[in-house]
Amino acid sequence: MSKHSLITDFNRIGIFLSVVRKRSLKKASEQLGITQSAVAQNIRLLEKNFGQSLLTRNKNGSKLTNIGYQIMNIFLDVEKATYDAKEAILQIKRVTKETNFSLGATHDIGDHILPKYLNAMKNQMTKDISVSIKTSNEILNDLKNNKIDLALIDSVTNDEKVFYKKWKEDEVVIFSNQELPRNIRPYDLKIYKWICRDRDSYFGNLFSETLKKTNMPDCEHLNIITTTTSSMMILNLILKSPKNDIQTCSIMSKFAIADLLNNQILHYSTLPIKMKRDIYIAYLKEREEDKFIDNAINFLTQKYSNSHDFFNINN
């Protein structure tokens with residue numbers, strides 16, 4: 001190790017300064033949570049690099065030599081510069097956090113529901129809003145790692161760090177660009193062409209479990225033409241399906257395709273047992289008093305509670 005590289009070896013600098021402050025290798029090791037031999041080895045490497053003793057050690061503890069005193073002053077300057085740099089970075093992050101708000105949403109919420117409200121939400125909160133679209137588990141991980149401020153998800157986990165607020169009750173429906181019977185029969189399921197959700201996804205599990213409960217043929221007995229996790233791809237494939245052929249169907253949030261249903265561009269049907277789900281707003285409990293979190297939740301709950309378009313679907 002060169003003498004110049006020592007200035008960037010913050011770990012070794014910290015060990016040396018801890019010994020100086022505690023005047024004891026043993027006390028420094030206890031403070032740092034490492035063994036006394038590790039502390040001693042680091043000091044020996046420093047002394048070897050400088051070619052001189054930095055500390056004298058006796059029964060009363062450790063004492064700086066003349067060169068050790070000079071090195072200490074340099075290391076103190078490095079420590080202060082490092083601390084100041086970290087504070088400056090944190091300040092930049094705080095300023096950025098004050099001017100930006102990050103939302104995380106599952107695919108169908110982020111692709112189909114949230115875009116209708118982002119501009120109004122941005123204007124009310126006077127903030128730039130970024131949106132991350134992932135699976136529920138990925139979004140929750142981002143929330144717990146402070147990568148996003150608020151999450152919109154369709155499943156909850158037992159986590160003491162996260163608070164969940166029920167946002168909306170939604171229904172997952174079977175839909176097509178052709179007319180469907182009001183209630184799907186087993187025969188219909190078998191003759192239709194299907195764009196299925198991935199079986200391990202939330203929607204795939206919900207569909208499969210509901211089919212079992214209603215004694216309907218399961219997904220393995222359907223005429224599946226493709227499988228995907230992308231709600232946007234599913235919607236586009238259904239919209240572009242030929243109308244002079246057997247219906248091509250899939251499942252989607254009724255909430256998400258409400259405008260297309262109202263305009264009769266799409267049509268929907270249900271199973272004997274409706275596929276219900278809850279949509280949640282999730283945020284960290286430590287930010288429960290955060291005014292921006294509170295403003296966002298108030299906006300979302302008031303906006304949706306005052307809007308009945310999603311549920312006035314005549315088909």
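**Close-up 1. Lys144 and its salt-bridge partner Asp159 in the predicted model.** At 30% relative accessibility, Lys144 is partly exposed. Its partner, Asp159, sits at 19% and counts as buried, because the cut-off for buried is under 20%. The closest N and O atoms of this salt bridge are 2.9 Å apart. The pair links distant parts of the chain, 15 residues apart: Lys144 belongs to helix α8 (residues 136–144), while Asp159 is in the loop between β5 (150–153) and β6 (162–176).

**Close-up 2. Glu171 meets Lys254.** Here the side chains form a salt bridge with an N to O distance of 3.9 Å. Glu171 lies in strand β6 and Lys254 in the loop between β9 (248–253) and α12 (258–262), so this pair ties together parts that are 83 residues apart in sequence. Glu171 is buried, at 7% relative accessibility. Lys254 is buried too, at 16%.

**Close-up 3. Asp142 paired with Lys134.** This is another salt bridge between side chains, with N to O at 2.7 Å. Asp142 is buried, its relative accessible area being 9%. Lys134, on the other hand, is partly exposed, with a value of 28%.

**Close-up 4. A salt-bridge network.** Now for a group rather than a pair: Asp108, Asp154, Asp170 and Arg277 are linked by a network of salt bridges. Across the structure, the salt bridges number 16. As a general point, side chains of opposite charge can pair when their charged atoms come close.

Note on methods
Residues numbered from 1 in each chain as written. Predicted model: local features only at pLDDT ≥ 70, side-chain atom pairs only at ≥ 80, totals over all residues. Heavy atoms only, no water. Salt bridge = Lys/Arg side-chain N within 4 Å of Asp/Glu carboxyl O. Buried < 20%, exposed > 50% of the residue type's maximum accessible area, 1.4 Å probe, protein only. Helix = DSSP H or I, 4+ residues; strand = E, 2+ residues; numbered from the N terminus.
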